Amino acid sequence: MTVYANKPAFNVREKLKELDYGKVPYHKMPAGSVIQVVDKLFTPTSHVTTTSLTFVDMGDPFNLSISPKFSNSKILIDVMLNPYVAGNSATGTYNIHNGSGQLGHASNGFGMVPATGGSNGQFRRYNINATDTASSTSTITYRIYHRSGTSGVTFYGNHSNMTNYIRLTEIAQ
């Protein structure tokens, strides 16, 4: 017995054009793919200080915004800060907020660099690593807050002319 099959004709060149992307479209990216990266390296020329024991917004340039491509993306937040703590036993703490609440924090001892300020204080390095989930494709602004950990002691969330870095990475889900 003979079996005959009919295949519809198609243009191979046109099919290849459909598959050939100059860039893979965002919606075709597999889960775990980096969709976009927004980052900022900055060196403020003035101190940003607080003696408050409650968290205070550090203001600009200590914030960064991202507009997610997808409402279910993960946003990885990486922050590197270089503060100065006035006093050898003084402490300070940072938090990062997405407008709805705290996402991650760094307190005395996180990524600490050995003291270089002698008995008058210490330069330190603080790193904050956090993850957020976008709930829409609206712009999200991540802000850094800081507070002194010791009553009456000034925490320099930024000592003048110290370089800081913030990176936001959108990951497809």
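**Close-up views of side-chain contacts**

In this predicted model, the count of aromatic pairs comes to 5.

**View 1. F42 and F62 form an aromatic pair with edge-to-face geometry.** The ring centres of F42 and F62 lie 5.1 Å apart, with 85° between the planes. This pair links distant parts of the chain, the two residues being 20 residues apart. F42 belongs to strand β1 (residues 34–42), whereas F62 lies in the loop between β3 (56–57) and β4 (63–66). Both F42 and F62 are buried.

**View 2. The charged end of K40 sits over the ring of F42.** The distance from this charged end to the ring centre of F42 is 5.4 Å. The ring of F42 thus appears in two contacts, one with K40 and one with F62.

**View 3. Y94, Y126 and F155 form one aromatic cluster.** The view shows the side chains of these three residues, Y94, Y126 and F155, which belong to a single cluster.

**View 4. D78 and R167 meet through their side chains in a salt bridge.** The N to O distance between D78 and R167 is 3.3 Å. The contact links distant parts of the chain, 89 residues apart: D78 is in strand β5 (residues 74–81) and R167 in strand β13 (residues 164–171). D78 counts as buried because its relative accessible area, 19%, is under the cut-off of 20%. R167, by contrast, is partly exposed, with a relative accessibility of 29%. A search of the whole structure finds 1 salt bridge.

Note on methods: Residues numbered from 1 in each chain as written. Predicted model: local features only at pLDDT ≥ 70, side-chain atom pairs only at ≥ 80, totals over all residues. Heavy atoms only, no water. Salt bridge = Lys/Arg side-chain N within 4 Å of Asp/Glu carboxyl O. Helix = DSSP H or I, 4+ residues; strand = E, 2+ residues; numbered from the N terminus. Buried < 20%, exposed > 50% of the residue type's maximum accessible area, 1.4 Å probe, protein only. Phe/Tyr/Trp six-rings, centres within 6.5 Å; stacked < 30°, edge-to-face > 60°. Lys NZ or Arg CZ within 6 Å of the ring centre and 35° of its normal.
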